[in-house]
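Trainee: Please take a close look at one part for me. I would like the surroundings of a single serine, with some exposed positions for contrast.

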Amino acid sequence: LLILLIQPIQLIQCGFLLSFGAIAGIGIIYPAFIPKTRKKPAFRKRIINSVYLSISVQLATIPILLLYYNQIPVYSVFINIIVVPLMSVLLPFAVFGVIIGYWSFAIGQLLLYPVVWILWLYDILCKFFQQLPGALWVPGHPSWWSVVFYYFIILAVVIIRKKWGHQWMIGIGIAASFCFVPALKDQLAITVLDVGQGNGIY
């Protein structure tokens with residue numbers, strides 16, 4: 001709210017919406033995957049929870065990606081399984097490395113080595129998944145009603161998940177399909193792009 005009071009235009013900025021959309025996914029959708037009564041997660045459950053966390057972020061941000069970029073990175077769910085947990089290591093080293101670097105450049109540089117290695121791993125992961133078949137899905141720009149319907153269904157399913165159990169994920173899949181279906185046009189459409197040095201017609 002403070003950010004919007006200072007800069008209301010942030011409400012239509014992609015970065016702002018993605019950041020808070022991801023937080024909303026973690027705070028609202030992710031708890032719906034995890035039973036309220038559970039023991040301390042074992043290693044296997046930690047991996048499953050990481051998958052759920054990645055899916056929650058993806059579900060919350062898919063409409064935003066479509067509205068601003070008209071495309072979806074298909075394998076981002078798998079990338080986030082590695083990226084998100086490593087952020088808890090990257091951020092502390094980055095912050096302390098910069099702060100301590102003011103007093104001792106050598107120690108600060110030493111603390112920043114893990115940051116460099118993690119960012120290098122991120123780069124390798126992104127390049128690897130980018131080369132896989134179907135890495136990018138371009139369904140086009142969704143209509144506003146489909147985005148509103150998508151979020152409405154997700155919230156409704158999360159609220160009533162107690163009655164459905166884990167089958168509530170099917171409801172989210174149905175809601176997502178409405179957001180992905182491109183609008184059908186029964187007339188010929190010609191798009192002309194004026195780039196200043198010529199035209200692009202398709």
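Mentor: Here is the serine, followed by two exposed positions. The model is predicted: local features need pLDDT of at least 70, side-chain atom pairs count only at pLDDT 80 or more, and totals for chains, interfaces and linings use all residues. Residues are numbered from 1 along each chain as its sequence is written, and side-chain values use heavy atoms, leaving out hydrogens and water.

Start with S56. S56 sits in helix α3, residues 43–69; helices are DSSP runs of H or I, at least four residues, numbered from the N terminus. S56 has a relative accessible area of 0%, so it is buried (under 20%; exposed is over 50%, partly exposed in between, with a 1.4 Å probe and protein chains only). A polar atom of the S56 side chain lies 2.7 Å from the backbone oxygen of Y52. Leaving aside residues up to four places away in sequence, S56 touches G25, I29, Y30 and F33. Contact here means heavy atoms within 4.5 Å.

Now the contrast. F96 belongs to helix α4, residues 76–101. F96 counts as exposed because its relative accessibility is 52%. With residues up to four places away in sequence not counted, F96 touches G101 and L111. From F96 to I107 the C-alpha to C-alpha distance is 9.9 Å, at a separation of 11 residues in sequence.

I12 is in the loop between α1 (2–6) and α2 (14–33). Its relative accessibility is 56%, so I12 is exposed.

How values were computed
Helix = DSSP H or I, 4+ residues; strand = E, 2+ residues; numbered from the N terminus. Polar contact = N/O pair within 3.5 Å; in protein donor to acceptor, adjacent residues only side chain to side chain.
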